[in-house]
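Trainee: I'd love a close look at one part of this protein, told slowly enough for a first-year student. Could you pick a helix and walk me through what packs around it?

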Amino acid sequence: MCEVFNSFILEARDKPILTLVAMVKDLIMVRIQVNRDKADKWKGKLCPKPRLKLTQNVKDASACMPTKSDRAHFQVYTGSTTNQCAVDLEKRKCTCRKWQLSGIPCKHTCASIRLNREDVDDYVDECYYIDTYKKVYQHAIVPIYGPDFWPQTRRVGPLLLKTRRLEGLQGLGGSIQLKLQKMKKTANAKLENIYVQYARNKVITTGPARY
Ligand SMILES: [Zn+2]
């Protein structure tokens with residue numbers, strides 16, 4: 001979820017804080033409206049993806065053999081007597097646990113619901129309903145106007161910062177970049193000399209004893 005959001009705001013991530021907030025606001029404003037338009041075109045009770053999953057489970061339910069215990073309890077065989085699930089429609093549970101995990105009735109549940117002559121859609125979790133989806137996106141982010149239309153004030157604005165030259169570069173000609181490169185080279189050469197001298201001294205003073 002975090003990675004999805006990060007990729008969603010990828011362009012805004014390296015911007016200063018005010019620009020970032022404005023860009024994220026625009027992205028979310030558009031996203032909400034796009035989702036609202038999308039949901040207006042959907043028909044029925046369920047959103048498209050859970051509808052597909054449920055249709056597949058209903059198809060697979062034809063291979064199941066439900067046996068009714070009472071109005072809410074069923075014993076469902078799939079292929080053999082060893083592959084047997086217990087379904088509880090009241091508590092919304094099946095032994096395979098797919099219904100509890102996804103909120104969409106599994107094939108065992110679908111077979112039981114059909115035996116009860118009920119609508120499978122009524123047993124899908126409410127979070128997959130189109131009405132729920134619309135409720136999530138019912139609030140809009142109101143548009144705001146830009147700085148050109150902000151009210152003017154008579155107060156003195158913030159002073160501009162003075163530009164400063166880097167110490168050590170004053171009086172040197174050429175671009176700052178070239179001077180920095182030169183300084184780096186000089187520093188490297190000095191370091192190299194120090195290292196060579198240190199290595200020589202080390203060999204002389206701490207070298208292995210000669211016999
Ligand atoms: Zn099941």
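Mentor: Let's begin with confidence. The protein chain averages a pLDDT of 85 (pLDDT is the predictor's confidence in each residue, from 0 to 100), and 86% of the residues score at least 70. Over residues 203-211, though, the pLDDT is below 50, and beyond near neighbours in sequence this stretch has zero contacts in the model; a contact means that two C-beta atoms, placed from the backbone, lie within 7 Å. This is a predicted model, so local features need pLDDT of at least 70 and side-chain atom pairs count only at pLDDT 80 or more, while totals for chains, interfaces and linings use all residues. Residues are numbered from 1 along each chain as its sequence is written.

Now to our helix, H5, which spans residues 107-115. Helices (H or I, at least four residues) and strands (E, at least two) are DSSP runs, numbered from the N terminus. Seven of the nine residues in H5 are buried, among them His108, Cys110, Ala111 and Ile113. A residue is buried if 20 or more other C-beta atoms lie within 10 Å of its own, exposed if 12 or fewer, and partly exposed in between, with C-beta atoms placed from the backbone. After the helix comes Arg117, with a positive phi near 55°.

What does the covering? The cover over the buried residues of H5 includes helices H3 and H4 along with strands S1, S2, S3 and S4.

Let's follow those strands. S1 (residues 64-68) and S2 (residues 73-78) run antiparallel and are joined by five bridges; strands pair if DSSP finds at least two bridges between them. They form a hairpin with four residues between them. Across it, Met65 stands opposite Tyr77, and Thr67 has Gln75 as its bridge partner. S2 also pairs with S3 (residues 80-88), again antiparallel, over six bridges, with Val76 opposite Cys85. One residue lies between the strands of this second hairpin, where Gly79 takes a positive phi near 85°.

Helix and strands come together in the largest nonpolar core, which has 13 residues. Such a core is a set of buried Ala, Val, Leu, Ile, Met, Phe, Trp, Tyr and Cys residues joined through C-beta atoms within 7 Å. Val76, Val87, Cys94 and Ala111 touch the most other members. S2, S3 and H5 each give two or more residues, and H5 gives the most, with three. Leaving aside neighbours within four places in sequence, Ala111 is in contact with Ala61, Cys64, Pro66 and Val76.
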